[in-house]
Amino acid sequence: MNHTPAPAPAWQEAIFKVLKESGVRQIAYVPDAGHSHVIRSAIADPDIEDVVLTTEEEGVAVVSGAWLGGQRAVLLMQSSGVGNCVNMFSLLQAADFPFFTLVTMRGEYAEFNPWQGPMGKATQAALELMGIHVLRVSDPEEAGEIVSAGFDAAFEAGEKVAVLLGQNLIGRKKWERKQ
């Protein structure tokens, strides 16, 4: 049996390239299939510390601490994790830290899990209510440019930015149907 992972789509490679070339030193995440290429690439890169979280709000503190320590960090999470972070987003406002997160969306295109729908529909509004500027990638050809623009807005202009990676970009999850 062959356990070699399939090659990553070009848009996923473009995202990691932006992070690497922009000087990201820490990547905090709760494991997620939509971020798997970036996670595997971070683990393999000796210049990037991969930080596995037990819950997404820990990531807000990790990336804030990285900034205080002179490093750039990114938080990877799924849209359901945004709901876990709302209270911790207050830290970003109170301390005026730059912030950058990549969010894989659920509850959109071809979603099979009804539990993912409510937060998927509320993700962008929740982020914006907490003062986080939202960009969205739906077209694979735009992934590198949009991630780069968001990263620069965070770390050059000091903004708080979330880039939503649409569920149609990531691909439809396929599960065995009940007979």
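A cavity is a set of grid points where a 1.4 Å probe fits but cannot get out, and its lining residues have an atom within 4 Å of a point. The model described in this report is predicted.

## Enclosed spaces

A search of the whole structure finds 2 cavities of 30 Å³ or more. The second largest cavity is lined by Val-63, Trp-67, Gln-71, Arg-72, Ala-73, Pro-98, Phe-99, Phe-100 and Phe-155. Two or more of these residues come from each of the elements α3 (56-68), β3 (72-78) and β4 (99-104). By residue class, this lining holds 7 nonpolar residues, 1 polar residue and 1 charged residue.

The lining of the largest cavity consists of Trp-11, Gln-12, Ile-15, Gly-34, His-35, Ser-36, His-37, Val-38 and Leu-165. Helices α1 (10-21) and α2 (36-44) each supply at least two residues of this lining.

## The largest pocket

The structure also has open spaces, and the largest pocket has a volume of about 260 Å³. Its lining comprises 21 residues, of which Gln-12, Ala-33, Gly-34, Ser-36 and Ile-170 lie nearest the centre. The elements α1, α2 and α8 (167-170) each give two or more residues to the lining of the pocket. Among the elements, α8 gives the most, with 3 residues.

The following table sets out the volume and the lining of each space.

| Space | Volume | Nonpolar lining residues | Polar lining residues | Charged lining residues |
|---|---|---|---|---|
| Largest cavity | about 40 Å³ | 4 residues | 5 residues | no residues |
| Second largest cavity | about 30 Å³ | 7 residues | 1 residue | 1 residue |
| Largest pocket | about 260 Å³ | 10 residues | 7 residues | 4 residues |

## Nonpolar cores

In soluble globular proteins, nonpolar side chains tend to be buried together. In this model, the largest nonpolar core has 28 residues. Those with the most contacts inside the core are Ile-15, Leu-19, Ile-27, Phe-100, Leu-102 and Val-163. The elements that give two or more residues to this core are α1, β1 (24-29), α2, β3, β4, α7 (143-155) and β6 (160-165). Helix α7 provides the largest share, 7 residues.

What does Ile-15 touch, not counting residues up to four places away in sequence? The residues in question are Val-38, Leu-102, Ala-143, Val-147 and Leu-165. Ile-15 is also part of the lining of the largest cavity, together with Val-38 and Leu-165.

Apart from the largest core lies another core, of 24 residues. Among its members are Ala-73, Phe-99, Val-103 and Ile-132. Ala-73 and Phe-99 also belong to the lining of the second largest cavity.

## Aromatic pairs

The structure holds 4 aromatic pairs. In one of them, the ring centres of Phe-100 and Phe-151 are 5.4 Å apart. The planes of these two rings stand at 75°, and planes over 60 degrees apart count as edge-to-face, so the pair of Phe-100 and Phe-151 is edge-to-face. Phe-100 lies in strand β4 and Phe-151 in helix α7, so the pair ties together parts that are 51 residues apart in sequence.

Are Phe-100 and Phe-151 buried or exposed? Phe-100 has a relative accessibility of 0% and counts as buried. Phe-151 is likewise buried, with a relative accessible area of 0%.

A further pair joins Phe-151 and Phe-155, whose ring centres are 4.7 Å apart and whose planes are at 45°, so the pair is tilted. These two residues are 4 residues apart in helix α7, which means that about one helical turn separates them. Phe-155 has a relative accessibility of 10%; because buried means under 20%, Phe-155 counts as buried. Trp-67, Phe-100, Phe-151 and Phe-155 form one aromatic cluster. Of the members of this cluster, Trp-67, Phe-100 and Phe-155 are also found in the lining of the second largest cavity.

## Glu-128

Glu-128 is placed in helix α6 (residues 117-129). This residue has a relative accessible area of 43% and is therefore partly exposed. Glu-128 and Lys-160 are 32 residues apart in sequence, and their C-alpha atoms are 9.9 Å apart in space.

Technical notes. Residues are numbered from 1 along each chain as its sequence is written. This is a predicted model: local features need pLDDT of at least 70, side-chain atom pairs count only at pLDDT 80 or more; totals for chains, interfaces and linings use all residues. Side-chain values use heavy atoms; hydrogens and water are left out. On a 1 Å grid over the protein atoms alone, a cavity is a set of points where a 1.4 Å probe fits but cannot get out, and a pocket is an open set with protein on both sides within 12 Å along at least five of seven lines; lining residues have an atom within 4 Å of a point. Grid points are joined across faces, edges and corners, and a volume is the space filled by probe spheres set on the points. Ala, Val, Leu, Ile, Met, Phe, Trp, Tyr, Cys and Pro count as nonpolar, Asp, Glu, Lys and Arg as charged, and the others, Gly among them, as polar. Buried means under 20% relative accessible area, exposed over 50%, partly exposed in between (1.4 Å probe, protein chains only). A nonpolar core is a set of buried Ala, Val, Leu, Ile, Met, Phe, Trp, Tyr and Cys residues joined through side-chain atoms within 4.5 Å. Contact means heavy atoms within 4.5 Å. Rings of Phe, Tyr and Trp (its six-membered ring) pair if their centres lie within 6.5 Å; planes under 30 degrees apart count as stacked, over 60 as edge-to-face and the rest as tilted.
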